[in-house]
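Dear colleague,

Please find below the structure that I am handing over to you. A short account of what was found in it follows.

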Amino acid sequence: MDAQYESDTQLLTMHEVPPASTMTEAQRLGECCLWCDVSAARVECGPLYTDERHADVLRPMACDPCRTARLDYLRTHFECRLHIDDCECCVTTICLDAVALVLAHAVAREAAGKPDEVTCAHCHGAGPLKDLTVRPVMWEGGSSLHCGYLHLTPCPSAIPAWLREVAGLPEYLEPGETP
Ligand SMILES: [Zn+2]
Ligand SMILES: [Zn+2]
Ligand SMILES: [Zn+2]
């Protein structure tokens, strides 16, 4: 995948493995798949990361289907982002290539058990990826990289009410607000 990752396992560990404090004991000990809870005894599970110092208490595992689905989710996120960053058309609009990439990413999200709705990292407005109103982005925060989404500019909340009225756009509602 990207050059900054040494392996698929490292990629998953960086982006998809939650903090150990949020795992159940069975998840921490690799007794079930970290993501689908299928028992490691019943399904082939491989180690996600090995931290030799804590191997006795922390050795999460994942089954192959979950591993593949999560990698697909990350791969399609990266493909969208790299395309949009490089594409001249995608500066002002979203081109057909980008539409295909975003829709493939939406399918991969679903296969990885992630909700159809994504949240804009800027305005926190939520919407389905398939509406093509958001684009995948990645940013650095703390000591790690984060995968997320941003509205194709401007965020709906940034469009003033008078302009919404002139342009015939529906009233903007904050997430959870009702008309
Ligand atoms: Zn699994
Ligand atoms: Zn494009
Ligand atoms: Zn936004």
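**Helix contact, cores and hairpin**

This is a predicted model. In it, the axes of helix α1 (residues 8-15) and α3 come within 10 Å and cross at roughly 75°. Because angles of 65 to 115 degrees count as roughly perpendicular, α1 is roughly perpendicular to α3. On the α1 side, the residues that meet α3 are Asp8, Leu11, Leu12 and His15, and their counterparts in α3 are Arg67, Arg70, Leu71 and Leu74. Sorted by class, this contact of α1 with α3 comprises four nonpolar, one polar and three charged residues.

Helix α3 also takes part in the largest nonpolar core. That core has 15 residues, and those with the most contacts inside it are Cys33, Leu34, Met61, Ala62 and Cys66. At least two of its residues come from β2 (61-63), and at least two from α3 (64-86); α3 gives the most, with four residues. A second, separate core has eleven residues, including Ile84, Ala98, Leu101 and Cys120.

Ala62 may serve as a starting point for inspecting the largest core. If its neighbours within four places in sequence are left aside, Ala62 is in contact with Cys33, Leu34, Trp35, Cys45, Gly46, Leu48 and Arg67.

Finally, there is a strand pair to note. Strands β5 (residues 134-141) and β6 (residues 144-151) are paired in the antiparallel sense over eight bridges. Within this pairing, Arg135 has Leu150 in β6 as its bridge partner. The two strands, β5 and β6, form a hairpin with two residues between them, and Gly142 in the turn has a positive phi of about 65°.

With kind regards

Technical notes: Residues numbered from 1 in each chain as written. Chains lettered and ligands numbered in written order. Predicted model: local features only at pLDDT ≥ 70, side-chain atom pairs only at ≥ 80, totals over all residues. Core = buried A, V, L, I, M, F, W, Y, C linked by C-beta atoms within 7 Å. Buried ≥ 20, exposed ≤ 12 C-beta atoms within 10 Å, placed from the backbone. Contact = placed C-beta atoms within 7 Å. Axes fitted to C-alpha atoms, helices over the stretch in contact; angles between N-to-C directions. Parallel < 35°, antiparallel > 145°, perpendicular 65-115°, else oblique. Nonpolar A, V, L, I, M, F, W, Y, C, P; charged D, E, K, R; others polar. Pairing = 2+ DSSP bridges.
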